[in-house]
Amino acid sequence: MPRRTSDRRPPTAHRSPPTARRSPQGNRITAHPILTFAPGTEVEFSFEDEALRGIEGEPIAAALVAGGVKVFRVTEKMHRPRSFFCAVGKCSSCLMEVDGKPNVMVCMEPLKAGMKVRRQVGRGKLE
Amino acid sequence: MAVGSPDHSVTRPLDHLTTASLVIVGGGPAGLSAAIAAAQLGVAPLLIDDNPALGGQLIKQTHKFFGSRSLYCGTRGMDIARILCQQLSATSARLVLNATAVGLYPGRVLAVVQPDRLLKLKAERIVFATGAAENTIAFPNNDLPGVYGAGAVQTMMNVYGVRPGRRVLMVGAGNIGLIVSYQLIQAGIEVACVIDVLPAIGGYHVHAAKLARLGVPILPSHTVVEALGVEFVEGAVVAEVDRAFKVRPRTRRVLEVDTICLAVGLSPLTELLVQADCRMVYVPELGGNVAWHDAQMQTSVPGVYVAGDLSGIEEASTAMLEGRLAGAAAAESVKGSSAESRVIIEQAQAELGCIRKGPFGEKAACGKGKLAACAGANTNT
């Protein structure tokens, strides 16, 4: 039975959800009745200093979903966890810190080898 | 799917202003169709889109479309995108991809952001075909990771081949909710049930029947009461509603799901139209605020046209027709009317009329009728 948590209590922020420990490719679709997905070039990147693998050029958000990452950022005041919502660059729900740059819309930003992706806390800061 | 190569002639330094007789903003079914029609009539448009490839939301539509042959019935949406891109690549249209139009300035100058530069496009005429954004609804914890737009889930699974969840509650039994539910199952994701607050299924019977055959319950007069979970969705509480949409007592139950998909409608993306000073009208049947437009898709601002979902939420077929109409009308305003342009405009108008006369076109017909009844004069307050 899932926990009932309708109160606005902030979550214990930053703890990685258990699903994040799943194998990096655990959420990739391998068989589909209509679609075939080109294999692409696998590259390594980091999420919160942990190594993950994704497909070069796919949106960072897709690589994170494939790796089982659910919480993309934490809001400024209520410390609410957030993920993507629209996945097509319209809603700004998925803003993360990429290579030190805050407010990167990861549903649109293509993944490159060696990227350092971090959960954004609040509005993000420029170094 | 990308056609042609990026147009370097418009990627000059910041102080340079590129002039174009026709700019089309958005490369989905409406924008592509507008570009093809205009180019066929001898007006080469500049087409800009914020994605790396054209096709808009067609690229994630794995189902076959209905309608007439001129609208590619029996063809999957993603293949329609490919066909339109091929047609476009045979024309002299210029493309600027990975480019987001972020503002419209006096003198009809569009500010367009690319990853590493800002472009300034002075457009004599503009067709806006920016589409729509997914709606959300209010319930406790609706901001938790795991609450996603149905279209977002469709993008993740059909375009990028990743599964954003294991077991889904689909909220909304219109066509998007029904179609995406079926596609979730095709992607190996379980659908716990489809609910809709209305007392009847809103989408086509054929889509609902496919789900019913797979044993997916479709529950009309049901709503999502809250999402459960701390860091992400771990369940959902649903309940039955009465005719006044109030939750019936003792009907709450918990579904063990990790994803709540919202297929609760779309809102037109009209920010640039407001900046263009187009007269906006609130029409609930069209999804909210839309630009007033005439029968050839011209807004209250001469030279500014609209096509597709941003001119009123409908479907890809009508978006293609409106695109043809807007593209041809914009081309006419450049080169004057010709027998060829008249054919495109009159055929598109006739087909739109036909679709909107059908049972599923009623809502849009009503909305477009309300718009037509408004005066076009620019009376923004």
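**Strand pairing, aromatic pairs and salt bridges in a two-chain model**

Good morning. I begin with a single pairing: A:Glu42 has A:Ile55 in β2(A) as its bridge partner. Strand β1, residues 42-47 of chain A, runs antiparallel to β2(A), and six bridges connect them. Strands here are DSSP runs of E of at least two residues, helices are runs of H or I of at least four, both numbered from the N terminus, and two strands pair if DSSP finds at least two bridges between them.

Please note that this is a predicted model, in which local features need pLDDT of at least 70 and side-chain atom pairs count only at pLDDT 80 or more, while totals for chains, interfaces and linings use all residues. Residues are numbered from 1 along each chain as its sequence is written, chains are lettered from A and ligands numbered from 1 in the order in which they are written, and side-chain values use heavy atoms, without hydrogens and water.

The wider setting is an open, mixed sheet of five strands in chain A, ordered β2-β1-β7-β5-β6. Because β2 (50-55) and β6 (101-105) of chain A each have a single partner strand, one side of each lacks a neighbour in the sheet.

I turn to the aromatic rings. Rings of Phe, Tyr and Trp (its six-membered ring) pair if their centres lie within 6.5 Å; planes under 30 degrees apart are stacked, over 60 edge-to-face, and the rest tilted. Four such pairs occur over all chains. A:Phe84 and B:Tyr148 are stacked, with 4.0 Å between centres and 5° between planes. A:Phe84 is in the loop between β4 and β5 of chain A and B:Tyr148 in strand β8 of chain B, so this pair joins two chains. Both A:Phe84 and B:Tyr148 are buried, where buried means under 20% relative accessible area, exposed over 50%, and partly exposed in between (1.4 Å probe, protein chains only).

Finally, which residues share a network of salt bridges with B:Glu322? They are B:Glu314, B:Arg356 and B:Lys368. A salt bridge is a side-chain nitrogen of Lys or Arg within 4 Å of a carboxyl oxygen of Asp or Glu. B:Arg356 and B:Glu322 meet at 2.8 Å, N to O. B:Arg356 lies in helix α8 and B:Glu322 in helix α7 of chain B, so their contact ties together parts 34 residues apart in sequence. B:Arg356 is buried at 16% relative accessibility, as is B:Glu322 at 1%. Thank you.
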